[in-house]
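Q: Please examine the packed interior of this structure closely, and then relate that part to what surrounds it. A single connected account would be preferred.

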Amino acid sequence: MVTALQDDMFTPDVIADPYTYYGRLRDEDPVHWNETYALWVITRHDDLVWLTRHHELFSSAVFKNDPRPPYPAIDESDLGLYEYVRNYQGDQFIQHDRPEHLAARRVVHGYFTPKSMEAWRPFVQKAVKELLDAAEDKGRMDIMRDLATPLPVLVIAQMMGVPDKERHYVRELAEKLLYIGRGEHDRMKPLTEGMQGMIDYVSPLVDERIVNPGDDFISVLANGEKQGVFSRHEVLVNTSLLLLAGHETTINLICNGTLAFLQHPDQWALLKEDPAGRTRWATEECLRYDSPVKSIQRIATQDVEMRGKVLGKADRIRWFMSSANRDPDVFANPQRFDITRQPNPHVAFGSGTHHCLGATLARVEGQEIFKALAERFPNLQGDTTGLEYQPSITFRSLKSLPVTWQ
Amino acid sequence: MARKLRVWVDHQTCVGNAMCETIAPKVFRLNDNRQSEAVDPAADTVEKILEAAESCPVSAIFVEDAETGERLFP
């Protein structure tokens with residue numbers, strides 16, 4: 001007989017170690033009704049893949065289609081701010097279904113093909129080298145602050161034509177946007193400040209690119225307005241979405257991956273034997289083992305039966321890639337960090353029509369970082385006890401990761 | 001005489017993003033697993049098929065010249 005599953009996904013235990021809690025759900029009740037937050041929790045790999053590939057049954061327009069108040073509860077005085085959040089989030093192209101999603105994706109898709117992203121590899125390599133050069137003599141750094149954050153911010157800012165001196169400000173705004181997946185009752189204030197700050201920041205950039213388009217990514221979005229696919233508000237919201245998505249998840253890949261190597265010296269030794277040759281599959285294993293994004297939500301468009309249960313029309317569905325990526329039916333020894341794992345059909349980037357637009361860019365950045373770290377700081381060490389994570393059910397985000405190498 | 005192509009999709013890699021089906025719907029079709037199949041490589045131009053292959057976010061589409069075996073993508 002199993003003990004009752006506690007239903008709070010925001011407790012410090014579950015935030016610190018999501019794998020035990022969601023792993024238990026996957027074993028005991030893979031299609032689980034979470035009473036506390038009134039949503040379905042999906043934890044098996046095959047269910048997740050099926051669900052993501054049936055976009056007609058599970059709407060991505062979560063904010064538009066969910067009239068219920070946010071969870072966990074927020075201060076009642078902030079319900080007006082939540083309306084602002086709904087309007088802002090609702091205009092993001094990832095919060096749309098076909099046919100609107102497809103039209104929007106076609107505007108941006110070509111910019112992010114594997115071939116186009118490979119062309120950014122030399123820029124990424126140079127940026128990684130400069131960041132490691134700056135840290136080398138100090139003999140220590142915070143991976144989060146000194147490497148994982150500046151690299152992807154640098155790359156996405158370059159793609160968007162954001163001036164050097166403003167990158168720090170963009171990151172400050174992005175940190176406020178991360179309150180979207182958090183549980184604090186007073187989170188609406190910093191979240192809406194971040195959203196309005198982003199709109200105010202990108203507005204003049206968009207105005208400028210409408211008149212003088214270049215080869216930067218804001219021009220791609222601005223062109224979507226000219227084609228009649230996006231309204232101005234959608235261009236602004238999508239610009240800030242991609243500024244955020246372009247770096248937050250990669251930060252987590254770099255930090256969580258580096259932590260996995262610190263915790264598994266045998267795998268670090270393996271990477272060091274052949275950094276250039278092994279970094280590709282090592283990066284895939286980092287994505288699987290401690291995925292940057294833990295979960296994503298959908299809304300059922302009709303009653304759907306799954307494992308003998310009925311996911312009712314308009315029910316909230318939350319699927320956990322961090323659990324699917326440890327599913328023993330798909331991965332041998334799933335709790336083992338094994339950088340030679342091949343094939344590695346993890347779902348860190350989701351699947352189906354909403355598969356992560358920036359997946360190749362994230363891969364390029366991860367591959368170059370892990371390779372460079374293994375080549376230049378072979379004695380990398382860090383205290384892996386007592387590390388803290390942001391209290392989010394969306395992102396698997398460390399607060400800091402101090403390391404030394406001398 | 002148009003060039004004959006051999007086109008296939010690697011199902012270990014395909015994530016069912018379906019951009020290929022959008023670009024060349026007569027050539028690519030999603031199967032019951034919602035993964036792409038190259039159902040008729042002769043149904044569109046070489047350019048469209050290569051555009052579809054390039055647009056695959058996980059590079060799961062392979063294109064060869066059916067007669068010479070020359071790899072056209074990736």
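A: The account below begins with the interior and proceeds to a sheet, the second chain and the contact between the chains.

The model is predicted: local features require pLDDT of at least 70 and side-chain atom pairs count only at pLDDT 80 or more, whereas totals for chains, interfaces and linings use all residues. Residues are numbered from 1 along each chain as its sequence is written, and chains are lettered from A and ligands numbered from 1 in the order in which they are written.

The largest nonpolar core contains 104 residues. Such a core is a set of buried Ala, Val, Leu, Ile, Met, Phe, Trp, Tyr and Cys residues joined through C-beta atoms within 7 Å. A residue is buried if 20 or more other C-beta atoms lie within 10 Å of its own, exposed if 12 or fewer, and partly exposed in between, with C-beta atoms placed from the backbone. Within this core, A:Leu151 and A:Ile317 have the most contacts. Its largest share, 15 residues, is supplied by helix 14 (residues 232-263) of chain A. Helices (H or I, at least four residues) and strands (E, at least two) are DSSP runs, numbered from the N terminus. In soluble globular proteins, nonpolar side chains tend to be buried together.

A:Cys255 belongs to helix 14 of chain A. This residue counts as buried because it has 27 C-beta neighbours inside 10 Å. Two residues are in contact if their C-beta atoms, placed from the backbone, lie within 7 Å. Neighbours within four places in sequence aside, A:Cys255 contacts A:Ile143, A:Met144, A:Ala148, A:Leu398 and A:Leu401. A:Ile143 is 112 residues away from A:Cys255 along the chain, yet their C-alpha atoms are separated by 6.4 Å. With the same sequence neighbours left out, A:Leu151 touches A:Ala127, A:Val128, A:Leu131, A:Glu365 and A:Ile369.

Chain A also has an open sheet of five strands, ordered 1-2-8-5-3 with mixed pairing. Strands pair if DSSP finds at least two bridges between them. Strand 1 (31-34) and strand 3 (58-59) of chain A are the edge strands, each pairing on one side only. Strand 1 runs antiparallel to strand 2 (residues 39-42) of chain A, and four bridges join them; A:Trp33 stands opposite A:Trp40 in strand 2. The loop between these two strands holds A:Ala38, which counts as exposed because it has 11 C-beta neighbours inside 10 Å. The C-alpha atoms of A:Ala38 and A:Ala374 are separated by 45 Å.

Chain B has two helices and five strands, in the sequence pattern β-α-β-β-α-β-β. Of its 74 residues, 38% count as buried. Its radius of gyration, taken over C-alpha atoms, is 11 Å, which agrees with the value near 11 Å for a compact globule of 74 residues; the globule rule is 2.2 Å times the number of residues to the power 0.38. The C-alpha trace of chain B spans about 35 × 20 × 20 Å along its principal axes.

Between the chains, 12 residues of chain B are in contact with 14 residues of chain A. On the side of chain B that touches chain A, helix 1 (19-23) and helix 2 (46-55) of chain B are the elements giving two or more residues. That side has four nonpolar, six polar and two charged residues, where Ala, Val, Leu, Ile, Met, Phe, Trp, Tyr, Cys and Pro count as nonpolar, Asp, Glu, Lys and Arg as charged, and the others, Gly among them, as polar.
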